[in-house]
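The following exercises concern a predicted model. Please work through each task before reading its solution.

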Amino acid sequence: MENQKKSSNLLFVLFLILSVSSSAFGQLKTDFYKNTCPNVESLVRSAVRLKFQQTFVTAPATLRLFFHDCFVRGCDASMLLASPNGKAEKDHPDNLSLAGDGFDTVVKAKAAVDSDSKCRNKVSCADILALATREVVAMTGGPFYPVELGRRDGKISTLTSVQHQLPGEGFNLDQLNTMFARRGLSQTDMIALSGAHTLGFSHCNRVSKRLYNFSPKSSIDPTLNKAYVAQLKQMCPLRVDPRIAINMDPTTPNTFDNAYYKNLQQGKGLFVSDQILFTDSRSRNTVNFFASNNDAFKQAFATAMTNLGRVGVLTGNQGEIRFDCTRPN
């Protein structure tokens with residue numbers, strides 16, 4: 001009887017936790033602004049398109065900014081807040097490689113939305129970032145998916161809140177799954193979201209260990225394709241400037257497609273955390289499935305982005321609608 005009571009109490013606590021987190025994203029809806037700013041999507045789209053025409057980096061930078069923002073304190077645009085003394089989320093070493101074009105995309109889209117008198121100060125920076133992300137995915141060949149809206153902006157952004165909140169390039173499958181599961185994301189979501197590495201670039205310092213100093217047994221990571229090693233060593237010779245950029249996807253770096261998974265099948269994942277998705281038998285089937293079916297990948301990515309966009313959201317009277325995305329009101 002006592003055990004039964006304990007387990008029912010535990011179930012009730014679990015139910016409460018789940019209902020609190022789901023009630024927040026339960027308030028998100030695709031037509032949230034239908035009365036206050038009905039043309040929000042086209043305003044954001046025009047601004048993002050203009051920015052994208054200026055530089056391709058707009059796409060990977062915005063996508064990565066959204067991911068980093070949602071993983072730290074939830075999707076509340078706290079990653080956009082600046083701090084006069086360099087103590088904000090964006091100042092953490094894990095975020096210093098976020099390209100400025102991502103931040104600029106949101107600032108420009110916010111200005112476009114606020115230029116419509118009906119919309120001024122009605123749409124959150126968090127929602128603008130979510131919409132801008134969908135636009136860059138679609139503009140580069142990825143899926144055009146409905147975006148749930150109604151997020152509010154966070155007022156807090158600290159350096160310490162980033163610690164241990166973002167996946168590392170050396171993570172194994174268990175570490176990846178644990179970190180994503182904490183945010184309500186499944187292994188399939190995690191593998192689909194990793195496919196965002198089909199766009200954009202990293203830097204030599206992030207990959208040099210796999211090329212020159214992998215382990216006591218082998219200086220080169222044995223899971224790396226030999227021809228790819230030669231290619232990477234050419235781009236990243238020993239003692240090269242660590243900021244030299246290298247494409248995440250060596251085949252189609254400017255197209256949102258399933259080439260990322262085909263690369264993994266050939267040992268061409270840039271990070272350990274990429275390649276592990278194929279080398280670990282527990283995730284290999286999903287990699288093979290996405291590699292063989294671009295539409296299935298795009299569908300899984302759209303679902304995963306919706307799930308990611310619900311992580312830790314502020315709704316209702318929580319947070320605020322920031323007038324300036326870089327500072328609290």
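**Exercise 1.** What distance should the 15 residues of H5 span at 1.5 Å a residue, and how far apart are its end C-alpha atoms?

*Solution.* The expected span of a helix is 1.5 Å times one less than its number of residues. For the 15 residues of H5 this gives 21 Å, and the end C-alpha atoms are 21 Å apart, so the two values agree. Just after H5, Gly141 adopts a positive phi of about 110°.

**Exercise 2.** Determine whether H5 is enclosed or open, and relate the helix to the largest nonpolar core.

*Solution.* Begin with burial, for which the cut-off is under 20% relative accessible area. Of the 15 residues of H5, 13 are buried, so the helix is largely enclosed by the rest of the structure. Next, consider the largest nonpolar core, which has 76 residues. Helix H5 (residues 125-139) gives the most to this core, namely nine residues. Val113 is one of the residues with the most contacts inside the core. Leaving aside neighbours within four places in sequence, Val113 is in contact with residues including Cys37, Leu43, Val123 and Ile128.

**Exercise 3.** Is His68 buried or exposed, and which residues is His68 in contact with, leaving aside its neighbours within four places in sequence?

*Solution.* First, locate the residue: His68 is found in helix H3 (residues 58-71). Its relative accessibility is 7%, under the 20% cut-off, and therefore His68 counts as buried. Leaving aside neighbours within four places in sequence, its contacts are Met79, Asp94, Asn95, Leu98 and Leu166. Finally, an unreviewed UniProt entry carries the annotation "active site" at His68.

Technical notes
Residues are numbered from 1 along each chain as its sequence is written. This is a predicted model: local features need pLDDT of at least 70, side-chain atom pairs count only at pLDDT 80 or more; totals for chains, interfaces and linings use all residues. Side-chain values use heavy atoms; hydrogens and water are left out. UniProt positions are given in the numbering used here, feature names are shortened, and annotations may be inferred rather than shown by experiment. Helices (H or I, at least four residues) and strands (E, at least two) are DSSP runs, numbered from the N terminus. Buried means under 20% relative accessible area, exposed over 50%, partly exposed in between (1.4 Å probe, protein chains only). Contact means heavy atoms within 4.5 Å. A nonpolar core is a set of buried Ala, Val, Leu, Ile, Met, Phe, Trp, Tyr and Cys residues joined through side-chain atoms within 4.5 Å.
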